[in-house]
There are 4 protein chains.
Amino acid sequence: MSGIMGNKLKLSIFGESHGPAIGITIDGLPPGVAIDMDKVLAEMDRRKPGKSLLSTTRKESDTPEIISGFFNGYTTGAPLTAIIRNSDQRSKVYEDIKNLMRPGHADYPAFVKYGGFHDYRGGGHFSGRITAPLVFAGAIAKQILAEKKIFVGAHVKSISHIDDKSFQDVEVNQALFDELKKQELPLIDGEKRTEIEEVILQARKDMDSVGGTIECTVVGIPAGIGDPFFNSVESVLAHLIFSVPAVKGIEFGKGFEMTKLRGSETNDAYYYERDEVKTHTNNNGGITGGITNGMPILFTVAIKPTSSIAKKQQTINVAEHKNTELVVKGRHDPCIVPRAIPVIEAVTALGILDLMLIS
Amino acid sequence: MSGIMGNKLKLSIFGESHGPAIGITIDGLPPGVAIDMDKVLAEMDRRKPGKSLLSTTRKESDTPEIISGFFNGYTTGAPLTAIIRNSDQRSKVYEDIKNLMRPGHADYPAFVKYGGFHDYRGGGHFSGRITAPLVFAGAIAKQILAEKKIFVGAHVKSISHIDDKSFQDVEVNQALFDELKKQELPLIDGEKRTEIEEVILQARKDMDSVGGTIECTVVGIPAGIGDPFFNSVESVLAHLIFSVPAVKGIEFGKGFEMTKLRGSETNDAYYYERDEVKTHTNNNGGITGGITNGMPILFTVAIKPTSSIAKKQQTINVAEHKNTELVVKGRHDPCIVPRAIPVIEAVTALGILDLMLIS
Amino acid sequence: MSGIMGNKLKLSIFGESHGPAIGITIDGLPPGVAIDMDKVLAEMDRRKPGKSLLSTTRKESDTPEIISGFFNGYTTGAPLTAIIRNSDQRSKVYEDIKNLMRPGHADYPAFVKYGGFHDYRGGGHFSGRITAPLVFAGAIAKQILAEKKIFVGAHVKSISHIDDKSFQDVEVNQALFDELKKQELPLIDGEKRTEIEEVILQARKDMDSVGGTIECTVVGIPAGIGDPFFNSVESVLAHLIFSVPAVKGIEFGKGFEMTKLRGSETNDAYYYERDEVKTHTNNNGGITGGITNGMPILFTVAIKPTSSIAKKQQTINVAEHKNTELVVKGRHDPCIVPRAIPVIEAVTALGILDLMLIS
Amino acid sequence: MSGIMGNKLKLSIFGESHGPAIGITIDGLPPGVAIDMDKVLAEMDRRKPGKSLLSTTRKESDTPEIISGFFNGYTTGAPLTAIIRNSDQRSKVYEDIKNLMRPGHADYPAFVKYGGFHDYRGGGHFSGRITAPLVFAGAIAKQILAEKKIFVGAHVKSISHIDDKSFQDVEVNQALFDELKKQELPLIDGEKRTEIEEVILQARKDMDSVGGTIECTVVGIPAGIGDPFFNSVESVLAHLIFSVPAVKGIEFGKGFEMTKLRGSETNDAYYYERDEVKTHTNNNGGITGGITNGMPILFTVAIKPTSSIAKKQQTINVAEHKNTELVVKGRHDPCIVPRAIPVIEAVTALGILDLMLIS
């Protein structure tokens with residue numbers, strides 16, 4: 001396992017879904033950063049399940065306890081560690097199926113890799129629950145970025161075949177981000193809300209799940225951030241984002257659509273607007289040559305349908321070494337996309353902050 | 001700049017397009033690996049420009065000189081360094097436009113980041129030429145993987161709006177890879193060749209460029225490779241691949257298409273075929289939970305149209321601080337996709353080998 | 001702050017002396033390692049203060065709670081994190097002197113570096129208490145090494161001007177290590193015990209402190225461990241050992257004494273003893289060219305006298321910006337050397353295990 | 001092998017003594033640094049052998065060729081790579097003894113580790129010659145530090161049993177450093193010069209070698225540099241210095257001598273001298289709690305007698321698997337200490353610069 005990541009701002013993540021606790025150490029934070037804990041908890045609330053039938057009914061208190069690196073309301077400069085105790089665990093359902101490899105999950109690769117010693121209950125270290133500490137750390141990174149007038153926001157760009165508008169189509173500002181944060185299903189275009197909710201609830205009824213895409217943007221970011229050759233902004237963000245469970249694709253700016261266009265259409269032409277350098281278009285999503293060019297960073301992430309479904313599935317029993325069928329009980333998210341949004345925002349904020357500290 | 005990457009197998013890349021030489025150090029190679037230099041040169045040949053009107057007419061001899069880590073035909077276990085001298089440079093054209101920021105290129109972000117001290121000639125350290133040493137290193141990684149019966153192959157999946165078949169549609173074996181390697185424009189389905197060539201040549205005529213996608217696969221890879229949380233296979237490969245100039249997107253398995261399907265459609269069901277564990281489908285591209293599951297790794301990369309085009313473009317002059325027009329002379333690739341294929345294969349082989357060494 | 005260290009086996013340490021808890025994450029542990037918790041606690045007991053007048057009378061319960069990476073008695077392969085709650089803190093004494101920079105301590109450099117935001121109570125992140133998690137981690141590393149018949153042991157080589165025998169003078173075996181572990185003041189030559197104890201107790205009486213040296217050895221280590229150029233065994237061990245508070249010197253084998261001898265006297269001549277390669281002498285402390293040669297690793301560490309003394313000292317008041325006098329109240333170790341022994345053993349075991357995992 | 005080191009300023013070293021070339025990549029240098037190549041060559045000259053009978057008569061031209069990262073007299077911000085071609089190699093002598101393991105050298109551990117595939121000629125990657133690129137890189141680091149009024153200097157503190165004065169006994173300034181740099185045998189106290197030269201020449205006559213110590217200091221360094229827990233200044237410098245061949249010990253400040261004193265004698269008391277914070281003594285060598293305290297950094301390094309001696313020695317033949325005798329022909333340094341001085345200075349400058357970039 002490799003739970004450590006980063007250059008100057010290093011993250012060390014730990015914990016299993018049904019173990020005593022999960023948590024994270026943030027190493028390399030500057031001293032003297034005031035942390036607004038209410039904002040941190042608000043971010044963590046956004047990731048929490050159990051708010052409606054759109055997500056799993058598992059309750060998580062998700063209250064982080066800071067055990068180091070924080071003193072009298074400020075970071076100390078020493079590693080900041082927070083732990084979150086696990087609760088409301090129903091491990092029994094996992095005992096029953098521990099030899100049945102759930103399709104789409106880490107079960108089988110982990111069984112091979114860890115020789116059966118990994119904690120299989122609730123996905124163990126592979127559980128989406130492990131992203132809670134990332135949201136905690138990201139909330140701190142966001143506060144540091146906000147001091148520099150840099151803001152990170154994201155919304156549901158699509159669920160199944162239904163699309164929301166893009167950040168490219170509207171004015172992006174702090175008010176929009178605030179509005180999106182209030183929504184359990186953060187959409188720019190409210191008219192699609194009912195349609196999308198119905199797609200999700202129908203999947204739940206069918207004991208199935210649906211996927212979608214998340215569009216994320218970073219506004220206020222200056223030009224010159226990123227450290228190619230290998231630490232291009234795209235490389236660092238993609239690395240972090242593909243660590244988030246269920247992510248299967250990422251594209252920056254117009255991404256895959258650019259491959260169908262010509263250079264004269266995709267090159268973002270520069271111009272001076274008074275002292276500021278801007279581009280007429282932002283097809284490259286604010287990054288050229290792996291470095292920010294001063295336009296908003298913009299990228300879209302593909303989230304596959306939740307692997308945990310209640311429907312009967314074909315699979316193997318590794319103890320009995322035979323083909324079999326599997327019905328996964330327990331409580332699952334019919335669509336993980338909305339809850340993944342604060343996670344994508346969090347790792348983006350962490351990646352950008354790390355790049356700024358070393359750039 | 002951050003030209004160093006890797007866990008156990010570390011790469012250190014260096015060089016500028018119009019400087020004395022470019023090169024790479026491969027640190028952490030096991031000792032006693034026999035390297036077939038003819039195969040290395042054949043790989044490098046695939047990336048070379050100047051073979052036809054489909055690419056730039058700049059000639060590169062691209063002959064690597066190994067200056068350490070290789071003795072009597074075998075790796076020594078010490079860092080293996082190779083350098084490639086630059087030649088056929090026409091720096092004059094870059095002097096003329098050094099204050100004009102080429103759209104789509106690193107020029108402007110690099111100007112901000114390096115305060116004007118970077119080598120602007122021919123893209124400097126941001127030139128696609130810097131990928132030649134990666135192909136060299138990847139050729140060695142491929143030979144080590146081939147000893148373990150692991151093979152990496154790729155082809156043009158699309159150019160502009162024209163699609164080739166997918167690896168998912170045909171039988172993938174070493175013979176197919178050998179066949180693809182012989183082609184300047186590596187396609188599974190030969191019938192589209194003329195159509196694609198015409199799209200590229202038309203772009204050249206129009207002083208413009210086109211993009212496309214590359215599909216890459218790794219066959220023979222065992223289950224259990226990858227090191228989550230942060231070093232998931234997707235994370236490591238995406239990190240390396242986004243370091244390659246012009247890449248703007250990546251998706252694993254069915255990627256973005258999965259977001260429109262349901263979990264019951266995308267979960268890859270396991271079954272035993274005698275002693276072997278397989279999945280009926282491979283929507284996840286051989287990776288679940290960030291770890292290989294024994295099926296072929298499969299992913300698609302979006303390559304934007306070459307930023308260097310001969311057409312007149314709007315841009316800024318940073319010395320005179322004003323808006324202006326730009327015509328980039330010099331020799332450019334109307335489509336970089338075919339030449340990017342050995343690069344994508346190379347970084348894939350390097351990433352996989354590194355993961356195998358630490359897994 | 002940089003609390004993260006290691007190659008394959010990575011440590012992430014956190015905590016402040018008077019904060020809620022201290023702890024460590026061990027990343028990269030293989031799965032399936034059975035951990036004998038009694039042995040872990042026994043190691044931690046060796047570091048604990050309050051056993052006699054030879055050390056501080058501060059009580060530490062030092063009971064680690066494992067919160068991840070451990071399941072059904074075995075490591076899972078996921079990051080293993082343990083935390084130790086702080087207790088018996090008397091922060092008041094530190095409030096009184098927070099602007100008075102204790103000589104020999106981190107106070108003043110930390111004040112400059114962290115701008116006054118660090119946790120000054122009891123040394124904060126610089127407290128010797130932070131070594132408790134290292135002993136926890138080292139105890140696990142020792143158990144893994146012991147499975148390979150590799151053992152780490154250490155003893156007090158000198159206190160002030162009084163010397164114990166050297167490992168070079170006696171037969172080193174597991175029985176000797178077991179015997180040393182039982183002693184609060186681990187000495188090979190028991191005859192010096194009273195004399196040494198008197199030196200320590202006299203220092204206490206005089207409100208002063210004494211230093212000493214620790215000799216550490218690793219037996220059973222095979223040849224071929226270490227990863228030069230930069231990860232020589234000496235480099236890796238010295239890096240870890242100089243992270244331990246109060247260490248001011250290290251020498252391998254005969255170390256500084258070798259500088260007064262000739263090459264013909266210090267070169268360790270090889271010979272075959274049946275199939276085994278040995279050297280007649282071990283002046284190089286088991287390491288040549290930065291790699292183990294199969295002989296026991298042997299090195300000596302200089303521990304300065306405890307900086308915390310009760311005597312009145314000259315210093316500065318940074319709030320009032322003036323010269324002043326300081327009397328440090330609180331409970332201090334008149335000699336930290338005996339309690340540093342399990343710490344030196346621990347980081348040695350961790351460093352060696354990491355090198356074995358990447359060699 | 002692990003030839004890569006550093007946090008923000010990363011070094012990647014490569015090359016074998018009798019291969020085509022040796023070299024180094026410096027990654028993470030800021031752009032816009034003017035490099036005075038005459039000063040770089042002057043530093044490299046100090047390390048060069050063949051100047052008198054005090055060192056080996058092997059000639060090295062040691063002229064570095066910069067092949068990247070340097071443009072129009074300034075660093076570009078891209079990785080800076082320099083290579084040094086090997087010449088005047090007499091490989092024949094090494095062929096004859098390739099199965100005879102030279103005592104004190106890396107031969108036997110390397111044979112075990114690399115399975116006989118390492119380049120055994122002239123020590124290969126373990127040759128002291130590999131330190132030439134470090135001196136090149138260090139010369140650049142020194143120029144960057146000098147801009148900040150930080151200077152690194154070192155001298156022979158002792159050869160065999162004859163001591164020079166200490167930096168603690170004299171006034172340390174740039175003039176002293178300049179004077180020391182001119183000397184082939186850099187001594188503070190010139191009166192010992194003849195005596196020391198005789199000791200070295202007598203060792204040469206006796207086909208033997210002698211060792212010694214080097215004292216190194218960094219003046220002008222501000223308080224607050226260093227990144228504990230693990231990247232204490234002592235840890236980082238010791239790591240780099242133990243990578244230099246023949247180093248067997250290091251002590252900071254009074255080091256081992258401190259272990260015989262009391263805390264009241266070794267604590268360096270602070271006082272204000274106008275606005276500046278100083279300490280009355282500098283027993284801790286400018287570092288407390290792993291961080292610089294504003295006083296000069298001061299440490300002493302133990303260099304063992306050169307392992308290569310012409311005298312007949314006992315050893316083993318690994319091909320014939322038997323005990324045998326060995327006479328090493330070739331040209332050797334009777335004392336490597338003077339030539340190691342610029343190397344110790346170089347890695348010190350590199351380590352300090354890296355710490356300043358991340359602190």
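These legends accompany close-up views of a predicted model.

**View 1. Chains C and D superpose by a half-turn.** A turn of 180 degrees lays chain C on chain D, with an RMSD of 0.0 Å. The shift along the axis is 0.0 Å. The two copies are thus related as by a two-fold rotation axis. Of the interface residues of chain C, 99% are also interface residues in chain D, so the copies meet through the same surface.

**View 2. Strands E17 and E18 of chain D form a hairpin.** E17(D) covers residues 313-317, and E18(D) covers residues 322-326. The strands run antiparallel and are joined by 5 bridges. Across the pair, Gln314(D) in E17(D) stands opposite Glu325(D) in E18(D). There are 4 residues between the two strands. His321(D) lies in this turn and has a positive phi of about 55 degrees.

**View 3. Cys335(A) is a buried cysteine.** Its relative accessible area is 1%. The closest cysteine sulfur belongs to Cys216(A), 17 Å from the sulfur of Cys335(A). A disulfide needs sulfur atoms within 2.5 Å, so the 17 Å separation is too far for a bond. Over all chains, the count of disulfides comes to 0.

**View 4. Cys216(D) is in no disulfide.** The nearest cysteine sulfur is that of Cys335(D), 17 Å away. Cys216(D) has 0% relative accessibility. Buried means under 20% relative accessible area, so Cys216(D) counts as buried.

Definitions and conventions
Residues are numbered from 1 along each chain as its sequence is written. Chains are lettered from A and ligands numbered from 1 in the order in which they are written. This is a predicted model: local features need pLDDT of at least 70, side-chain atom pairs count only at pLDDT 80 or more; totals for chains, interfaces and linings use all residues. Side-chain values use heavy atoms; hydrogens and water are left out. Copies are superposed by least squares on the C-alpha atoms of residues with pLDDT of at least 70 in both. Contact means heavy atoms within 4.5 Å. Two strands pair if DSSP finds at least two bridges between them. Buried means under 20% relative accessible area, exposed over 50%, partly exposed in between (1.4 Å probe, protein chains only).
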